[in-house]
Amino acid sequence: MKALLLNPVLNKEFKLRLRSFKSYLGILIYLIVLGSIGIGFIFLTTMNARMGYFRPEESRVMFMVLSMVQLGLILFMTPGLTAGVISGERERQTLNMLLTTKQSSGSIIVGKLLSSLSFLLLIIVASLPLYSITFLFGGVAPRTILATFGLYMITILTIGSLGVMFSTLIRKTIVSMITTYGVALFLTAFTAFVAVLSIQFISMGGPTQTQNPIPYLMLMGNPAAVLMTVFEPSMQKELMKQSGISIPLWISYLFTCVFLITLSLWISISKLRPNMRVNKRRKA
Amino acid sequence: MIEIVNLTKRYGTFTALDQMNLTIEKGTVFGVVGPNGAGKSTTFSILATLLAPTSGTAYIDGIDVTQNPSKIREYIGYMPDFFGVYDSLKAGEYLDFYGASYGIAPKEREVLIPQLLELVNLSSKKDTYVDSLSRGMKQRLCLARCLIHDPEILILDEPASGLDPRARVEMRDILKELKAMGKTILISSHILPELSEMCDALGVIENGQLVATGSVAAIQQQLKANKVLIVTVQNEFERAIQFFEDQPLAVDVRKTADMELQFGFNGTDEDQIRLLKEALQQSLPILSFTEEKTDLEDIFMEITKGVE
Ligand SMILES: Nc1ncnc2c1ncn2[C@@H]1O[C@H](COP(=O)(O)OP(=O)(O)OP(=O)(O)O)[C@@H](O)[C@H]1O
Ligand SMILES: [Mg+2]
């Protein structure tokens, strides 16, 4: 922990972040978006319900909606915050000087990743008061809330590491960002699409009880699907039954994430600086 | 000490550096001059561990750049030809960040930073945001940054480029101070006069090859000479060297290989014939007497034009 606090990149990025007006504007816009969705939801439900007040069941639905929207916002923001951390320094011509210092590649990469992600963390924490509405009306187990925020953390780390990797490998920030958005979209929309397609395809063949692992395999990297199984455990049971895989989806998701994080950080760290030795090896 | 050995860098089929060899002694200020695209930045980037060579290598204090780049980084301070700054940092914080990146303790940095700012005449700018500094000030700040870990060797890629004459003089004075501190300095420019005053020795580089090295005076003479003659003798090398050194038209006579010497020659073809005749009359055992093809004249024009 002390080593992290002493990480020069992390330290400097915090300073820059807190000085930039854009950061505060970002938080403000984020809260306005999330807040208006929450308030809009309350407004709509109370208008439709004749009773005119908010019940635990509605509070639960609202939590689900808010959490899904928040996940969407996080998936949208993470590539933007991380996919330029290295290529951006290259474009601003500050990377060369950073790379000739004694700081290790690992320290630079981890410092960059954590500094971008801590801003997201700040945003998520700032959004907590909005959730107090659902705490007030009940209907959501504390376990569900914890699981939701745990899911946010691991998802941010995964997409963030992918963003840092593309930023290291690709020279242009724009291209790196598009690639990271592409991967995020693949993990959420594309996998869900294939999963739904495959379920429909099987059910077309009649009520035969054939096992179909495709939906499970597709969704084990999909944060939105995992969030859904957190809300609706029955969905997870169905998925496990159909695939014949008895590992809960969130555990598979955790493993997928850890794998992606390790792989992308490893690639980033080893590709940040040129391999000065490469030619010697080729000769030998 | 810096030793460059058969250093070659290719970009695809284009050869940016071609079998370069160069040794720079400890404590010297060595200038690398060459026109645009000659390969100066390429050489410096390899020395700074930012670029892998295609073949060959370089040693800094005996450490191989390709084998132990992280060790090299402790020894060198590198200033790139083009660089950016972090906009929302103040000059003091800017140095502090790099100090931290070199693993210098916060207490030490507190002492060090005012000293460095003093050295580059920026003491009054400690709390100024770096992006509001002038170009010359940024260059000097960047120089201070290179010095933060007190490296023995400075690799400065065109530190005076884009500066007005006054700022250039300021930069020159700082470099003199650094030289007095005993640093080995490798500095580049595409114009000779910019370097001639402060360098102990120069290397002229063109198309990725070192075409001339030596003291400033020697280079200037060599470049100005009409041609370069190469003479090999069978024996009596000492007498041959002595003979050519005594010739008024020969400049910068030096040994280039065993029994081979080279010098710049400032005479006409007739003078050259007379020189050979005389050498034979002195019964020097001359094996060959050839004129080296160089386009030093063009290079000289290139690197001396358009200054002050
Ligand atoms: N990444 C690259 N890809 C292809 N060619 C390159 C690359 N970098 C440099 N070159 C080429 O290598 C040659 C040497 O470039 P270098 O930057 O070392 O020249 P220089 O001597 O520093 O010139 P200048 O005075 O303009 O700074 C140039 O012809 C350049 O076009
Ligand atoms: Mg250059």
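## Charges and surface of chain B

Chain B carries 30 positive and 45 negative side chains, and the centres of those two sets sit 5 Å apart. Keep in mind that this is a predicted model.

As for what the chain shows to the outside, about 13,400 Å² of chain B is exposed, with carbon and sulfur atoms supplying 48% of that area.

## How chain B is put together

Chain B has 308 residues, and 54% of them are buried. Its secondary structure adds up to eleven helices and 14 strands. If you want a feel for the dimensions, the C-alpha trace of chain B spans about 75 × 40 × 35 Å along its principal axes.

How much of the contact map comes from residues far apart in sequence? Looking at contacts in chain B with a separation of 6 or more, 67% are between residues 24 or more positions apart.

## A closer look at B:Glu158

B:Glu158 belongs to the loop that runs between strand E7 (153-156) and helix H6 (165-180) of chain B. Is this residue buried or exposed? B:Glu158 counts as buried because its relative accessibility is 12%, and the cut-off for buried is under 20%.

So who are its partners? Setting aside neighbours within four places in sequence, B:Glu158 touches B:Lys40 and B:Gln139, plus a run made up of B:Ser188, B:Ser189 and B:His190.

## Where chain B meets chain A

Between them, chain B and chain A bury about 2,900 Å², and 60% of this is on carbon and sulfur atoms. Which three residues of chain B put in more of its buried area than any other three? They are B:Leu50, B:Arg73 and B:Tyr86, which supply 21% of the area that chain B buries against chain A. In terms of head count, 37 residues from chain B and 26 residues from chain A take part in the contact.

How many salt bridges link the two chains? The count between chain B and chain A is one. A salt bridge joins B:Glu93 to A:Arg19, with 2.7 Å between the closest N and O atoms.

## Over in chain A: A:Tyr24

A:Tyr24 sits in helix H3 of chain A, which covers residues 21-48. With a relative accessible area of 47%, A:Tyr24 is partly exposed, because that class lies between the 20% limit for buried and the 50% limit for exposed.

A:Tyr24 also makes a pair with A:Ile123 to look up in the model: the two are 99 residues apart in sequence, and their C-alpha atoms are 9.7 Å apart in space.

Technical notes
Residues are numbered from 1 along each chain as its sequence is written. Chains are lettered from A and ligands numbered from 1 in the order in which they are written. This is a predicted model: local features need pLDDT of at least 70, side-chain atom pairs count only at pLDDT 80 or more; totals for chains, interfaces and linings use all residues. Side-chain values use heavy atoms; hydrogens and water are left out. Helices (H or I, at least four residues) and strands (E, at least two) are DSSP runs, numbered from the N terminus. Buried means under 20% relative accessible area, exposed over 50%, partly exposed in between (1.4 Å probe, protein chains only). Contact means heavy atoms within 4.5 Å. Accessible areas come from the Shrake-Rupley method with a 1.4 Å probe; for residues, only the protein chains shown count as cover. Lys and Arg count as positive and Asp and Glu as negative; His and the chain ends are not counted. The place of a charge is taken as NZ of Lys, CZ of Arg, CG of Asp or CD of Glu. Buried area is the accessible area (1.4 Å probe) that two parts lose on being put together, summed over both. A salt bridge is a side-chain nitrogen of Lys or Arg within 4 Å of a carboxyl oxygen of Asp or Glu.
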